[in-house]
Amino acid sequence: MSTEPSLQDEAARAGWLYYVAGMTQDQIAAELGVSRQRAQRLVSRAMAEGLIQIRLVHRIGACLDLERALTERYRLTRCRVAPGLGPGGDPARAIATAAAAELERVLRIDTPQVIAFGTGRALRAMAEQLTRTDPGQHRIVSLLGNIAPDGSATLYDVISRIAEKLNATYYPMPVPVISDTPEEREFFMHLRPVRTVFNLARQADITFVGVGQMGPDAPLALDGFVTPDALRELQELGAAGEICSWVYDAQGRYIDTPRNALVGGVRVEPGQSKPVIAVAAGSAKVMAIRAALTGRIVNGLVTDEPTATALLAAS
């Protein structure tokens with residue numbers, strides 16, 4: 001018995017015809033029996049929902065040169081530089097496939113790994129580009145709480161999407177991102193399930209984190225984790241960036257402030273020998289990324305050409 005194709009079915013078919021078969025939108029419209037406008041919308045939907053994934057398999061020479069220069073300048077363990085998308089392009093989208101490829105490399109390691117994740121738009125974009133694969137014996141764990149100030153799940157949760165793609169068991173950090181008081185945080189962090197996840201995250205063999213800027217467009221402020229007054233106070237203390245909501249200065253040193261003491265989760269400690277890979281790009285994030293690299297909070301990087309060039313320029 002035949003069934004009507006779903007909207008996703010139509011979008012996937014349109015995306016396939018456009019990106020793989022090389023058809024024009026007029027040809028797709030004729031093939032599917034729809035208007036040109038609907039064909040265009042279906043193709044856009046296919047890409048937006050990750051139904052069709054395009055990957056660059058040739059490593060561009062300029063990107064390789066930037067990778068070598070960044071590795072030497074910041075003593076990196078891993079570095080991937082993706083081509084930029086030009087003015088107005090989304091940097092998170094530019095680096096998503098390169099970041100996914102880096103994660104897939106880790107998943108191919110034979111020995112069981114504990115893989116820890118921060119949160120944010122860039123990591124979420126990475127998760128969307130991840131190819132469905134067997135996770136083997138690897139365990140994936142969150143570094144940060146997953147409860148927003150209003151009690152909802154955080155918008156840019158990462159490990160649930162990765163676990164869905166991999167059909168894998170995962171370990172979320174079931175606490176608020178920011179507690180209201182030190183006593184509240186202490187209570188949560190002493191719960192047995194939370195201690196289990198916390199200890200697992202601290203044992204991570206490899207870590208992927210996003211990097212947040214601390215300017216007017218700071219993700220912490222946009223997502224409601226700090227008030228405008230609190231953001232100004234952090235800026236006055238020299239805040240340059242944040243990783244997993246822990247705020248640090250231009251030298252990559254965590255700022256000694258009561259607000260940092262309320263973060264629910266594991267702080268990524270500087271100077272680790274195991275890979276800690278930042279997935280981040282964009283002109284707004286250059287200061288934050290440079291500070292994290294300078295302070296050795298991270299020792300690996302996935303970014304794009306414009307950001308890489310800015311990071312290599314004189315500070």
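**View 1. An aromatic cluster of Trp246, Tyr248 and Tyr254 in a predicted model**. Trp246, Tyr248 and Tyr254 belong to one aromatic cluster. Rings of Phe, Tyr and Trp (its six-membered ring) pair if their centres lie within 6.5 Å; planes under 30 degrees apart count as stacked, over 60 as edge-to-face and the rest as tilted. Arg267 sits over the face of Trp246, 5.8 Å from the ring centre (for a charge over a ring, NZ of Lys or CZ of Arg is within 6 Å of the ring centre and within 35 degrees of the ring normal). The model is predicted: local features need pLDDT of at least 70, side-chain atom pairs count only at pLDDT 80 or more, and totals for chains, interfaces and linings use all residues. Residues are numbered from 1 along each chain as its sequence is written, and side-chain values use heavy atoms, with hydrogens and water left out.

**View 2. The stacked pair Phe117 and Phe208**. The structure holds four aromatic pairs. In the pair of Phe117 and Phe208, the ring centres are 5.7 Å apart and the planes make 15°, so the pair is stacked. Phe117 is in strand 2 (residues 114-117) and Phe208 in strand 5, so the pair ties together parts 91 residues apart in sequence. Phe117 is buried, at 0% relative accessibility, and Phe208 is buried with a relative accessible area of 0% (buried means under 20% relative accessible area, exposed over 50%, partly exposed in between; 1.4 Å probe, protein chains only).

**View 3. The edge-to-face pair Tyr248 and Tyr254**. The two rings lie 6.4 Å centre to centre, with 85° between the planes. Both Tyr248 and Tyr254 are buried.

**View 4. The open sheet of seven strands**. The strands run in the order 1-10-9-5-2-3-4, and the pairing is parallel (two strands pair if DSSP finds at least two bridges between them; strands (E, at least two residues) and helices (H or I, at least four) are DSSP runs, numbered from the N terminus). Strand 1 (78-82) and strand 4 (170-176) are the edge strands, each pairing on one side only. From one strand to the next the twist averages 15°.

**View 5. Strand 5 beside strand 9**. Strand 5 (residues 206-209) pairs with strand 9 (residues 276-279) in the parallel sense, over three bridges. Phe208 stands opposite Ile277 in strand 9.

**View 6. Helix 4 and helix 13 on the sheet**. Helix 4 (residues 61-74) lies across strand 1 and strand 10 (300-304), at about 145° to strand 1. Helix 13 (residues 305-312) packs on the sheet and touches strand 1 and strand 10; its direction makes about 120° with that of strand 10. Contact means heavy atoms within 4.5 Å; axes are lines fitted to C-alpha atoms, for helices over the stretch in contact, and angles run from 0 to 180 degrees between N-to-C directions.
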